[in-house]
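User: I should like to go through this structure and ask on what grounds each description rests. Please set each value against the criterion used.

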There are 2 protein chains.
Amino acid sequence: MTDWFINGERNGMISIDDRAVQYGDGLFETIAIRHGKPRLWQYHLDRLARGCECLDIALPGAEQLHQSLQDALAQSSAASDYCLAKIIVSSGFGKRGYGRTRSAEPSIWLGVFASTPPPASSYRDGVDTKVCDTRLATGSATAGLKTLNRLDQVLARSELTGQNLFEGLTMDASGSIICGTMSNVFFVSKNHVSTPTLSNCGVEGVMRRHVIATLENHDIDVSDAVVELDDLAAVDEIFITNSQFGVLPVRRCGETVWPVGETTRNIMTLVAAKGVPECQL
Amino acid sequence: MTDWFINGERNGMISIDDRAVQYGDGLFETIAIRHGKPRLWQYHLDRLARGCECLDIALPGAEQLHQSLQDALAQSSAASDYCLAKIIVSSGFGKRGYGRTRSAEPSIWLGVFASTPPPASSYRDGVDTKVCDTRLATGSATAGLKTLNRLDQVLARSELTGQNLFEGLTMDASGSIICGTMSNVFFVSKNHVSTPTLSNCGVEGVMRRHVIATLENHDIDVSDAVVELDDLAAVDEIFITNSQFGVLPVRRCGETVWPVGETTRNIMTLVAAKGVPECQL
């Protein structure tokens with residue numbers, strides 16, 4: 001079940017001349033809605049604002065965006081206590097050509113989607129993954145942002161078809177693991193937590209930020225990870241994060257298996273207490 | 001003046017759920033139409049087929065595509081002896097998420113646009129360019145293809161705003177010049193022609209291919225170019241190629257200026273004789 005809203009009207013049709021279609025010239029956020037409220041809203045807003053600054057798109061004010069989201073949720077038959085919203089912001093209508101028409105108004109679309117949580121067993125026992133062959137392009141000016149240019153993720157995700165895997169991890173050109181197709185990844189080695197930097201590729205997830213902030217609040221340091229394929233088996237624990245599911249342990253990546261570790265379980269308890277109750281074991 | 005056609009109907013509205021909008025999950029071709037015929041049609045088809053293979057999109061047969069294009073041209077008020085057509089092929093309608101619905105039919109949209117050639121002075125005297133600060137992301141699985149993920153080009157192009165420059169050249173992360181925002185680039189040094197390889201980033205233009213083929217037909221070898229910013233001033237001649245304008249000399253890039261060289265003029269004459277009369281000086 002899905003509803004799209006454009007300027008407050010329920011409407012799923014857009015102009016093919018919008019630059020979102022022609023060039024992927026825009027950004028999006030996928031927001032967990034819990035009991036009518038957008039979770040980690042400020043983090044979503046921050047990333048969207050950073051993206052709009054990079055792409056030179058005039059983002060409407062935070063209050064207006066929040067009100068539009070609430071209006072969409074109030075009107076949508078897909079809304080429930082546990083659902084998700086997607087906000088797409090594009091640079092708007094354009095003439096043909098990469099250069100923008102300076103006067104163009106941004107397009108803002110709000111989607112409301114029904115959603116179901118992963119089963120409790122995924123939180124308890126972990127999920128199965130593999131490392132994808134598709135590498136992430138590196139050195140992009142939009143690294144870390146959630147732009148509408150997502151072919152790397154689409155191609156990596158397509159490698160999972162028919163394999164009954166929850167997620168695929170992706171590497172950069174040099175063979176370092178960067179993130180999942182729809183998640184960020186954390187490693188635990190000798191009780192120390194690390195996660196790859198996303199300055200050259202990948203998406204800086206809001207749940208990744210929330211996990212790092214939560215750990216820092218408990219004086220648990222999260223350092224930069226450089227983990228290559230061959231290092232993976234030596235890692236003690238792995239978990240992935242995403243705005244919708246929160247934190248999930250990884251129990252398998254390719255041939256390597258892990259038990260759900262104590263550090264991961266402790267982190268899930270901390271994150272659950274900070275607004276992400278799904279992670280409570 | 002623009003017309004869009006979807007399934008033979010004049011229609012400029014598409015579903016926001018199309019994966020072209022959500023992820024840029026598709027490809028496009030921008031084709032010069034001269035006296036009712038698509039120029040370099042086979043080269044456009046070849047690139048589109050390569051792209052569809054990479055993205056696992058089922059491309060309709062070449063004859064059907066050609067017929068749809070002819071139908072659109074026949075119906076469009078934007079069509080003329082000198083115009084352009086744009087074909088967009090996306091992986092089609094999708095549920096939310098990077099993974100595709102396997103049964104999805106590709107979306108195919110045809111646009112017809114009015115177009116005007118550059119002035120004769122651009123062919124005779126050359127055009128002004130600069131090297132953009134925006135670098136191309138490298139190591140993409142879709143390098144060379146004309147996908148709907150074009151933010152690198154959009155950002156590079158935005159650097160030209162208000163500067164009265166015809167084109168911006170872009171470098172990869174290591175600082176090698178790869179191509180223009182909307183063109184490919186060729187260098188001439190000591191009468192030898194070279195052009196950057198596009199195996200890691202950039203778009204393999206159909207006019208680039210046509211120029212290489214034309215030169216090879218005249219036993220003129222075109223080698224791989226590795227030209228960094230500091231090498232630029234030492235190059236004897238530069239020209240750029242694009243499906244619409246053919247070949248244009250570069251007379252300035254940043255602070256460096258060049259006269260229009262003899263080799264470039266000779267190549268323009270050869271290419272003009274092979275179906276691109278705009279280049280005839």
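User: How many helices and strands are there in chain A?

Analyst: The model is a predicted one. In it, chain A holds 7 helices and 16 strands.

User: What makes a radius of gyration of 19 Å agree with a compact globule for chain A?

Analyst: The globule rule is 2.2 Å times the number of residues to the power 0.38. For 281 residues this leads to a radius near 19 Å, and chain A has 19 Å, so the value agrees with that of a compact globule. Along the principal axes, the C-alpha trace of chain A spans about 55 × 40 × 40 Å.

User: Why is strand β11 of chain A called mostly covered?

Analyst: A residue counts as buried if 20 or more other C-beta atoms lie within 10 Å of its own. In β11(A), residues 184-189, 5 of the 6 residues are buried, so the strand is described as mostly covered. For chain A as a whole, 51% of the 281 residues count as buried.

User: How do you know that β11(A) pairs with β14(A), and in which sense?

Analyst: Pairing requires at least two bridges between the strands. β11(A) and β14(A), the latter being residues 237-242, have 5 bridges, so they pair, and the sense is antiparallel. One of the bridges sets Val188(A) against Glu237(A) in β14(A).

User: What of β11(A) and β12(A)?

Analyst: β12(A) covers residues 192-196, and its pairing with β11(A) is antiparallel over 3 bridges. Ser189(A) stands opposite His192(A) of β12(A). The two strands form a hairpin with 2 residues between them, and Lys190(A) in the turn has a positive phi of about 50°.

User: What makes β3(A) and β3(B) a strand pair?

Analyst: The same criterion, at least two bridges, applies across chains. β3(A) and β3(B), the latter being residues 13-15 of chain B, have 3 bridges, so they pair, in the antiparallel sense. Met13(A), for instance, stands opposite Ser15(B).

User: Which residues and elements make up the contact between the chains?

Analyst: Chain A gives 43 residues and chain B gives 43 residues. On the side of chain A that touches chain B, the elements giving two or more residues are β3 (13-15), α1 (19-23), β7 (107-114), β8 (127-136) and α5 (151-158). The largest share, 7 residues, comes from α5(A). By class, this side of chain A divides into 19 nonpolar, 14 polar and 10 charged residues.

Notes
Residues numbered from 1 in each chain as written. Chains lettered and ligands numbered in written order. Predicted model: local features only at pLDDT ≥ 70, side-chain atom pairs only at ≥ 80, totals over all residues. Contact = placed C-beta atoms within 7 Å. Helix = DSSP H or I, 4+ residues; strand = E, 2+ residues; numbered from the N terminus. Nonpolar A, V, L, I, M, F, W, Y, C, P; charged D, E, K, R; others polar. Buried ≥ 20, exposed ≤ 12 C-beta atoms within 10 Å, placed from the backbone.
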